[in-house]
Amino acid sequence: MNIGARVVMCVVLVVSVIIGLGLADAQESNPPTFTKGKFAVPVNRDAVTAEWAARGYSYPEVKRYAQGWSRGDHTHPVHLVITVVAGRMEFLMAGQRFVVEPGDELFYPAHTVHLARNLYDGTSQMMEGSKR
């Protein structure tokens, strides 16, 4: 291998390590946060929307998850904030388990590997806002 190829390989390796350390540091400095009872129950969707908009989050979607629904490890390219309107959801991420019930708020940063499932004996409804 000639000297030019070796230099390029070294530069690529160094940049990869720096980027990898930056991503790891970003997730460690911005861990998931859970706030029990953040919003009054029954959840006022307009109040949640206004609070999240003030923090720079998108207009929240209300998603419905059927009894028994689950999704294995996955990520999202955006920061997410959620609250359960009705039902009960479980999230596993960063070595922690979060059980989210009506009025609770869960934030997790972009690219956080997590899994989710509906723990409720019926359909759960969850509000979800995002930002880049």
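**Exercise 1. Find which residues have the most contacts inside the largest nonpolar core, and say which strands supply this core.**

Solution. The largest nonpolar core has 14 residues, and those with the most contacts inside it are Phe-91, Val-100, Leu-106 and Met-126. A nonpolar core is here a set of buried Ala, Val, Leu, Ile, Met, Phe, Trp, Tyr and Cys residues joined through side-chain atoms within 4.5 Å, where buried means under 20% relative accessible area, exposed over 50%, and partly exposed in between, with a 1.4 Å probe and protein chains only. As a next step, look at the strands: strand 4, strand 5 (89-93), strand 6 (96-100) and strand 7 each supply at least two residues of this core. Apart from this core lies another one, of nine residues, among them Phe-39, Trp-52, Val-85 and Met-127.

The model is predicted, so local features need pLDDT of at least 70 and side-chain atom pairs count only at pLDDT 80 or more, while totals for chains, interfaces and linings use all residues. Residues are numbered from 1 along each chain as its sequence is written, and side-chain values use heavy atoms, with hydrogens and water left out.

**Exercise 2. Describe the chain as a whole: its pattern of helices and strands, and its share of buried residues.**

Solution. Begin with the elements: the chain has two helices and nine strands, where helices (H or I, at least four residues) and strands (E, at least two) are DSSP runs, numbered from the N terminus. Along the sequence they follow the pattern α-β-α-β-β-β-β-β-β-β-β. Then turn to burial: 33% of the 132 residues count as buried. Finally, consider contacts, meaning heavy atoms within 4.5 Å: among those in the chain with a separation of 6 or more, 76% are between residues 24 or more positions apart.

**Exercise 3. Work out the strand order of the five-stranded sheet, and state which helix packs on this sheet.**

Solution. The five strands form an open sheet in the order 1-7-4-9-2, with antiparallel pairing. Its edge strands are strand 1 (33-35) and strand 2 (61-65), each of which pairs on one side only. Neighbouring strands of this sheet are turned by 25° against each other on average, direction ignored; for such angles, axes are lines fitted to C-alpha atoms, for helices over the stretch in contact, and angles run from 0 to 180 degrees between N-to-C directions. Within the sheet, strand 4 (residues 79-86) and strand 9 run antiparallel and are joined by seven bridges, two strands being counted as paired if DSSP finds at least two bridges between them. In this pair, His-79 stands opposite Lys-131 of strand 9. Helix 2 (residues 45-54) packs on the sheet, where it touches strand 2, strand 4, strand 7 (105-108) and strand 9, and its direction makes about 20° with that of strand 9.

**Exercise 4. Do the same for the four-stranded sheet, and follow Glu-90 to its partners.**

Solution. The order of this open sheet is 3-8-5-6, and its pairing is antiparallel. Strand 3 (70-74) and strand 6 stand at the edges with a single partner strand each, so one side of each has no neighbour in the sheet. From one strand to the next, the twist averages 15°. Strand 5 is joined to strand 6 over five bridges, and five bridges also join strand 5 to strand 8. Glu-90 has Val-99 as its bridge partner in strand 6, and Glu-90 stands opposite Arg-117 in strand 8. Ser-70, too, stands opposite Arg-117 in strand 8.

In a regular strand, the side chains alternate between the two faces of the sheet. Strand 8 has a covered face with His-114, Ala-116 and Asn-118, and an uncovered face with Leu-115 and Arg-117.

**Exercise 5. Is Ser-124 buried or exposed, and which polar contacts does its side chain make?**

Solution. First place the residue: Ser-124 is in strand 9 (residues 124-131), and Ser-124 is buried, with a relative accessible area of 0%. Next, examine its polar contacts, each a pair of N or O atoms within 3.5 Å; within protein, one atom must be able to donate a hydrogen and the other to accept it, and residues adjacent in sequence count only if both atoms are side-chain atoms. The side chain of Ser-124 reaches the backbone nitrogen of Arg-88 at 3.0 Å, and a polar contact of 2.7 Å joins the side chains of Ser-124 and Asn-118. Asn-118, found in strand 8 (residues 114-118), is also buried, at 7% relative accessibility, and a polar atom of its side chain lies 3.1 Å from the backbone oxygen of Ala-66.
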